[in-house]
Amino acid sequence: MSEATRGRRRSPRDLVGGTPAETWSLRFDDRELPAQSGQSIAAVLWSAGILAWRTTRETAAPRGAFCGIGSCFDCLVTVNGRPNQRACLVPARPGDHVTTQEGTGRDDLAV
Amino acid sequence: MTTSPSDSPSAAARAFADLAVVGAGPAGLAAAVTAAGLGLRVTLLDAGERPGGQYFRHPAPGLGAARPEALHHGWSAFASREAALRAHVSAGRITYLAYHHVWTVTPDPAGSPGWTLHAVAGPDEAPATVRARTVLLATGAYERQLPFPGWTLPGVVGAGGAQAMLKAGLVLPGSRVVVAGSGPLLLAVAGSLAAAGARVPAVVEAAAYTGYAAHTPALLRNPGKLAEGATYGGALLRHGVRLLTRHAVTEAHGTDRVEAVTVARLDRDWRPLPGTARRIPCDAVAVGHGLVPQLELATGLGCATRPSPDATVALELDAEQRTSVPGIWSAGETGGIGGAQLALTEGEIAAHSIAGRPVPARLARTRTRLRAFAAAMAGAHRPGPGWTGWLREDTDVCRCEEVPAGRIREAVEDLGARDARTVKLLTRAGMGWCQGRMCGPAVAALAGTDPAPDRRPLSCPVPLRHLAALPAEPPH
Ligand code: FES
């Protein structure tokens, strides 16, 4: 949701009466993003208005979450140095460092 | 077996269960608690962290949702089964293994009639095995996607995906979300996005709802279903959402993310009509064209399939939910897309059958009635052949391997590929991470064939060391 609309419109959290147990910040590349306990990494990124966090192997096109349930693998991301993690499935944990993934995420192995 | 924390119920899980249920969505959950109530020892495995499946997906406890039911239709049907699950688990009648993704089921060697289920457990992908006398596959479905130019732009997301992210993470992909595709799920998705604060400029539905008229008797026998539709319709009206039937999003525009869509009117074969295109500004698109039964485990076991009226492939099941393979039952979307209420009913029917009890007539009647409704709906939303008309040569059809429509057409027209398998070998479409889950129906349509049943050797990524540890093929 954009800054302009936040506060005026109803939010998903209002709808279900959510009071998160805990909030902390998630490190994404060189930014700090607000995270709530129980959110997946993809949910944290979406709440910050970030929709793309990897680029494709062939054309370096930006991609993010598509299916939202772990079957499309479009949301692959590097978490704490481990590439190819599905952001829509992996819960965000305090202390995590999430980085944009380029291509196969295995550039360190490239010859 | 390892001693990782995700394996803590391993002793119980290793015991030979009367029934192993794969999937804790509406069908699997209903089956597990009914079977346990009938005296069976049940092991319930589910890939998710919490029971409910995709339909009853709900916020993680950490998000402290006081009213999770606000995002759901028929929440009490879930709440009562979840309570029963807890009771059976504490009484030791059900072993519930969350975060266990079953990737293959193998028959035990001749002479010991039973099955071994192999799963990867937890974020560390620890191997886990479960043995059982009978198996119920309640693996549900995933969303069918038909590509269009711009559908790989960030901000274009699956309609079911948007719903799942909203239900589980309380997030929206944007503030102005066009909902597009085909099928009744679109109305539910638009309703919840709007209730959660998104503006929904339009719901763009490729089918004409008049398609239902041909099935008036099935509709009239399902007043509950009509009321459900009216609820969604009412919610849309309240939020000022426009419903455009026989229209499609034929292009998404933007550079780094979606900024607008082109919407065009369709003829009855889903061919865009020239001169009807118009732009709708938006910052997200939630798109889906119905659901596809998830059958890998079943087809891996050799269960027979049948074509459904919505142009998907479903399992062939008898009146008691038995597959063609003795000892294997299935319930819910695997037998044809039909919704949560049907899945709950079929789960209970399967449980009775597995327990060797007569199926209550009430359940059988409900199944017949809801299946008739599902068939009417499936027929109305079956994709028309003209949808390929909105593809451009450079539109990526396979998202994983970035294979454009032009290369697929070339494989078909110039290289003589006659089926999706040959197209895949020639172009790599469907060979990537998702194993064709996203592009399969589109590739089949471009190859001019009917979609083939799901056949993937593994239903999720499996560490090689687990494969290496599999026993050799049993002798029968
Ligand atoms: S969004 Fe499809 S796998 Fe994560």
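1. In this predicted model, R54(A), R63(A), D74(A) and R399(B) are joined to one another in a network of salt bridges. The network takes in residues of chain A together with R399(B), and for a reader new to the structure it is a useful place from which to look at the boundary of the two chains.

2. Between chain B and chain A the count of salt bridges is two. A salt bridge is found where the side chains of R57(A) and E401(B) meet, with a distance of 3.2 Å from N to O. Polar contacts across the interface of chain B and chain A were also sought, and twelve residue pairs, both members at pLDDT 80 or more, satisfy the rule.

3. As to which elements build the side of chain B that touches chain A, those giving two or more residues are β8 (156–158) and α4 (159–169) of chain B. The largest share belongs to α4(B), which contributes six residues to that side. When the residues of the side of chain B that touches chain A are sorted by character, they divide into 29 nonpolar, twelve polar and 13 charged.

4. The extent of the interface can be put in two ways. Counted by residues, 54 of chain B are in contact with 49 of chain A; expressed as area, about 4200 Å² is buried between chain B and chain A, and carbon and sulfur atoms give 59% of this. M165(B), E402(B) and W433(B) supply 15% of the area that chain B buries against chain A, which is more than any other three residues supply.

5. Turning to salt bridges in general, a search of the whole structure finds 17 over all chains, and several of them lie within chain B, as the following pairs show. R271(B) is bridged to D269(B), the closest N and O atoms being 3.1 Å apart; R271(B) counts as partly exposed at 39% relative accessibility, and D269(B) likewise counts as partly exposed, at 31%.

6. A second pair in chain B is that of E320(B) and R322(B), whose side chains meet in a salt bridge at 3.0 Å, N to O. E320(B) has a relative accessibility of 25% and therefore counts as partly exposed, while R322(B), at 33%, also counts as partly exposed.

7. A further pair is R392(B) and D394(B), which form a salt bridge with their closest N and O atoms 3.3 Å apart. Here the two partners fall into separate classes of accessibility, since R392(B) is partly exposed with a relative accessible area of 40%, whereas D394(B) is exposed with a relative accessible area of 53%.

8. On the cysteines, the structure holds zero disulfides over all chains. C400(B) is accordingly in no disulfide, and the nearest cysteine sulfur, that of C434(B), is 3.8 Å away, which is not within the 2.5 Å that a disulfide needs. C400(B) is buried, with a relative accessible area of 18%, and in chain A the residue C67(A) also counts as buried, at 8% relative accessibility.

9. Finally, a residue in a loop deserves a remark. A110(B) has its place in the loop between β4 (100–107) and β5 (115–121) of chain B, and because its relative accessibility is 52%, A110(B) counts as exposed. A110(B) and E82(B) are 28 residues apart in sequence, and their C-alpha atoms are 37 Å apart in space.

Technical notes
Residues numbered from 1 in each chain as written. Chains lettered and ligands numbered in written order. Predicted model: local features only at pLDDT ≥ 70, side-chain atom pairs only at ≥ 80, totals over all residues. Heavy atoms only, no water. Buried < 20%, exposed > 50% of the residue type's maximum accessible area, 1.4 Å probe, protein only. Contact = heavy atoms within 4.5 Å. Buried area = accessible area lost by both parts, 1.4 Å probe. Salt bridge = Lys/Arg side-chain N within 4 Å of Asp/Glu carboxyl O. Polar contact = N/O pair within 3.5 Å; in protein donor to acceptor, adjacent residues only side chain to side chain. Helix = DSSP H or I, 4+ residues; strand = E, 2+ residues; numbered from the N terminus. Nonpolar A, V, L, I, M, F, W, Y, C, P; charged D, E, K, R; others polar.
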